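Morning, everyone. Please look at the screen, and I will walk you through one protein chain.

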Amino acid sequence: MVTVVSKRKSKVPKKVEPRRGCVRSCVAWFVYPLPTALFFMILMFVWSSSTTYISGRIVHVCISSRKLSNLYCLSATTQPNENFQLPFKNSSSPEFLENRIPDVEEKLEKEKGLMTSDLNDNSVNRNLKGESKEVSNVIQNPVVGNNGLEANDGLKEDSNKVFKVVENPTAFVDKAVGNEVTSDLKGDYEEASNFVLENHNPHNDDIDEIKKAREDVEENLRVQRSWVAKQNWNHNQNQCDERGIYVYELPPKFNKDLVAQCHDMVPWVDMCKYLSNNAFGEPIPELGNRWFQTHQYSLELIFHSRVLNHPCRVYDVNQAKLFYVPYYGGLDILRWHFKNVSNEAKDTLAFELVNWLEMQKPWDKNLGKDHVFILGKISWDFRRKDYTSWGTRFLELEEMKNPIKLMIERQPWELNDIGIPHPTHFHPHSDDDIRAWQRKIISSNRRSLVSFAGAARPNAHDNIRSILIDQCTSATEEQCKFFDCKSRNCDEPRSLIGLFTESEFCLQPPGDSPTRKSVFDSLVSGCIPVLFDPFTAYYQYPWHLPEDHGKYSVFIDQEEVRNMKVNVVERLMKVPLKERDDMRRNIVYDLMPSLVYGDPDAKFELFQDAFSITMNNLFERIKGLNLE
């Protein structure tokens with residue numbers, strides 16, 4: 001019997017999956033994408049309420065509904081771009097206070113002599129002689145100084161409106177006790193907040209606040225001008241009587257070791273070539289034998305070299321009236337700018353310096369009131385806020401309120417912050433060097449009426465540079481010559497000085513901060529600077545620029561430029577020839593010598609350079625304190 005076996009496999013019954021209900025399917029369809037959707041919503045919110053700047057190798061996101069008026073947002077996000085030939089720009093607000101008062105935190109102090117008892121997250125733990133020490137009263141407000149200026153941004157409910165309550169800073173003149181400047185605070189936090197809440201017209205209030213804030217700045221400047229020495233001490237045989245200056249011999253980690261890091265301080269350039277030759281940099285023989293490739297952040301080293309050779313230097317602290325602390329704070333900041341390190345690492349050296357000073361008898365005697373620091377970067381770089389990572393907190397420390405701080409850009413509401421000129425490329429040795437340069441630039445053939453050396457700031461929407469570039473390039477080259485720093489070498493002094501010596505007017509709009517080194521380069525070249533923001537120069541340098549701004553500059557309100565109400569080139573064409581000549585003669589013969597830093601062995605008899613003026617005024621300031 002034949003049995004037939006079939007090769008066909010029996011069918012396996014299919015597994016019947018249970019059908020999902022309609023409700024369950026809908027819920028799954030809605031819930032599963034939620035995390036992704038929520039993430040993108042948050043991302044869009046952050047993006048819409050922030051400004052993102054991509055500069056060089058760094059991306060910054062500043063979150064603020066008033067991002068373009070926030071000091072840190074603009075300071076931290078204007079880092080140099082590698083495509084720019086001037087790799088180190090000042091890092092602060094290009095708008096500053098031309099249109100509005102920057103956002104600041106509230107500072108309300110108690111009566112003089114009272115100490116803040118509560119220690120918060122801003123307290124700093126520092127090690128002194130092996131012991132732990134808590135330092136309270138670390139100031140968080142970068143625009144509140146000894147003049148009693150107060151601010152209140154505590155209205156977090158409306159992030160689009162920032163109000164301030166301003167106290168009259170003239171109190172610091174009337175309330176001076178010895179050399180201590182105190183604030184007369186009339187009211188407490190609650191009263192200040194009530195005042196803000198009762199204000200029903202924010203627009204008018206902004207206008208009043210801006211006006212009041214500028215009045216405060218001008219009052220500060222008047223006080224600082226009162227410290228100006230009344231004579232040229234070069235002619236005084238007794239110039240060192242009661243005028244001794246002591247130079248601290250700091251541990252090398254505070255200065256020399258910082259210079260030794262010049263090779264890798266900045267990713268795209270070797271800073272060593274700028275810090276060589278007493279920080280003058282390499283010579284530029286094409287411009288003359290006193291011209292050098294000097295970097296704008298070299299001031300700390302230049303000043304140190306000059307102080308070491310000052311005729312009134314003393315080696316006994318008991319003979320000194322002034323104490324110079326040669327800490328290279330600018331280089332300390334610069335070495336961390338482009339590295340991913342913690343805020344604690346950035347602040348370490350500054351804290352160690354304060355600890356070291358507190359162990360010195362001269363510091364302890366007058367709490368640092370007769371001490372001076374030279375800082376080669378702008379004030380905002382030393383006033384880091386809690387919500388940022390830019391810079392250090394060195395000038396926010398309570399211990400740093402008393403000393404005098406000299407820097408290339410001051411904090412306008414700090415009485416002890418004093419602006420001194422940016423280093424230029426010209427470093428004369430004698431009166432003859434200055435005279436020779438005066439003869440050259442007064443007779444220079446100025447082929448262009450106007451010139452502008454710079455680049456647009458496409459991410460800074462309120463910056464007027466693009467408008468100025470359009471107006472300049474629309475004119476003839478005889479009327480306006482544009483030197484584009486994006487495509488040409490703006491770190492090449494020969495080209496820039498050549499441009500300035502052949503121009504009648506030099507446009508100086510704010511850049512990465514209100515001040516510009518270019519202002520001083522143009523003045524040294526005999527070119528009349530055209531300023532658009534009073535914080536660029538008028539509110540910065542009370543010891544070196546005259547109070548009568550019309551003697552050396554032309555001012556055009558940047559609001560007029562921004563609103564297209566003025567063509568700058570056409571406006572300058574209307575300046576009479578005699579007026580131009582008068583301004584230029586004043587610049588060349590009266591002003592220029594006081595804006596340059598001589599070499600370490602400079603000997604002047606007729607002239608006072610920027611260093612001599614600074615030192616004489618420092619002694620005058622200390623004399624007025626009547627210290628023991």
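Which residues does H425 touch, leaving out those up to four places away in sequence? The list is R290, W291, F292, Q293, T294, P493, K517 and D521. Keep K517 and D521 in mind, as both are in that list. We will come back to them.

Before that, a word on what you see. This is a predicted model. The protein chain has 628 residues, and 57% of them count as buried. Its secondary structure comes to 20 helices and 15 strands. Now take the contacts in the chain with a separation of 6 or more. Residues 24 or more positions apart account for 74% of those.

Back to H425. Where does H425 sit? In the loop between β10, residues 417-419, and α13. Is H425 buried or exposed? H425 has a relative accessible area of 8%. The cut-off for buried is under 20%, so H425 counts as buried.

What does its side chain do? The side chain of H425 makes a polar contact with the side chain of K517, at 3.1 Å. A polar atom of the H425 side chain also lies 3.4 Å from the backbone nitrogen of T294.

Now move to D521. D521 is in helix α16, residues 517-524. The relative accessible area of D521 is 7%, so D521 is buried. Which side chain does the side chain of D521 meet in a polar contact? That of K517, at 2.9 Å. Remember that the H425 side chain makes a polar contact with the K517 side chain. So there is a little chain of names to follow on the screen: H425 to K517, and K517 to D521. D521 also touches T424, H425, I497 and F500, again not counting residues up to four places away in sequence.

Stay in the loop between β10 and α13 for a moment. S430 is found there. S430 has a relative accessible area of 19%, and it is buried. Why buried, at 19%? Because the cut-off is under 20%. Set aside the neighbours within four places in sequence, and S430 is in contact with K603 and F604. Look at E605 too. S430 and E605 are 175 residues apart along the chain, yet their C-alpha atoms are separated by 8.1 Å.

For contrast, here is another serine. S495 is in helix α15, residues 493-501. Its relative accessibility is 31%, so S495 counts as partly exposed. F483 is 12 residues from S495 along the chain, and their C-alpha atoms are separated by 9.1 Å.

Next topic: helix pairs. Two packed helices are described by the angle between their axes and the distance between the axes. I have three pairs for you.

Pair one is α13 with α19. Helix α13 covers residues 431-442, and helix α19 covers residues 577-591. They pack at an angle of about 165°, with their axes 9 Å apart. That angle makes α13 roughly antiparallel to α19. The crossing is right-handed. Who meets whom? From α13 we have Q438, I441 and I442, and from α19 we have R584, R585, V588 and Y589. By class, the residues of this contact are four nonpolar, one polar and two charged.

Pair two is α9 with α20. Helix α9 spans residues 299-308, and helix α20 spans residues 610-625. The angle is about 70°, and the axes are 11 Å apart. That makes α9 roughly perpendicular to α20. This crossing is right-handed as well. F303, R306 and V307 in α9 meet F611, S612, T614 and M615 in α20. The contact of α9 with α20 has four nonpolar, two polar and one charged residues.

Pair three brings in α8, residues 272-279, which packs with α9. Here the angle is about 10°, and the axes are 10 Å apart. So α8 is roughly parallel to α9. Which residues of α8 and α9 meet? L275, N278 and A279 in α8 meet L301, I302 and S305 in α9. Their classes are four nonpolar, two polar and no charged.

Quick recap. H425 is buried, and its side chain makes a polar contact with that of K517. D521 is buried too. Of the helix pairs, α13 and α19 are roughly antiparallel, α9 and α20 roughly perpendicular, and α8 and α9 roughly parallel. Thank you.

How values were computed. Residues are numbered from 1 along each chain as its sequence is written. This is a predicted model: local features need pLDDT of at least 70, side-chain atom pairs count only at pLDDT 80 or more; totals for chains, interfaces and linings use all residues. Side-chain values use heavy atoms; hydrogens and water are left out. Helices (H or I, at least four residues) and strands (E, at least two) are DSSP runs, numbered from the N terminus. Buried means under 20% relative accessible area, exposed over 50%, partly exposed in between (1.4 Å probe, protein chains only). Axes are lines fitted to C-alpha atoms, for helices over the stretch in contact, and angles run from 0 to 180 degrees between N-to-C directions. Angles under 35 degrees count as roughly parallel, over 145 as roughly antiparallel, 65 to 115 as roughly perpendicular and the rest as oblique. A crossing is left-handed if the near helix is turned anticlockwise from the far one by less than a right angle, and right-handed if clockwise. Contact means heavy atoms within 4.5 Å. Ala, Val, Leu, Ile, Met, Phe, Trp, Tyr, Cys and Pro count as nonpolar, Asp, Glu, Lys and Arg as charged, and the others, Gly among them, as polar. A polar contact is a pair of N or O atoms within 3.5 Å; within protein, one must be able to donate a hydrogen and the other to accept it, and residues adjacent in sequence count only if both atoms are side-chain atoms.
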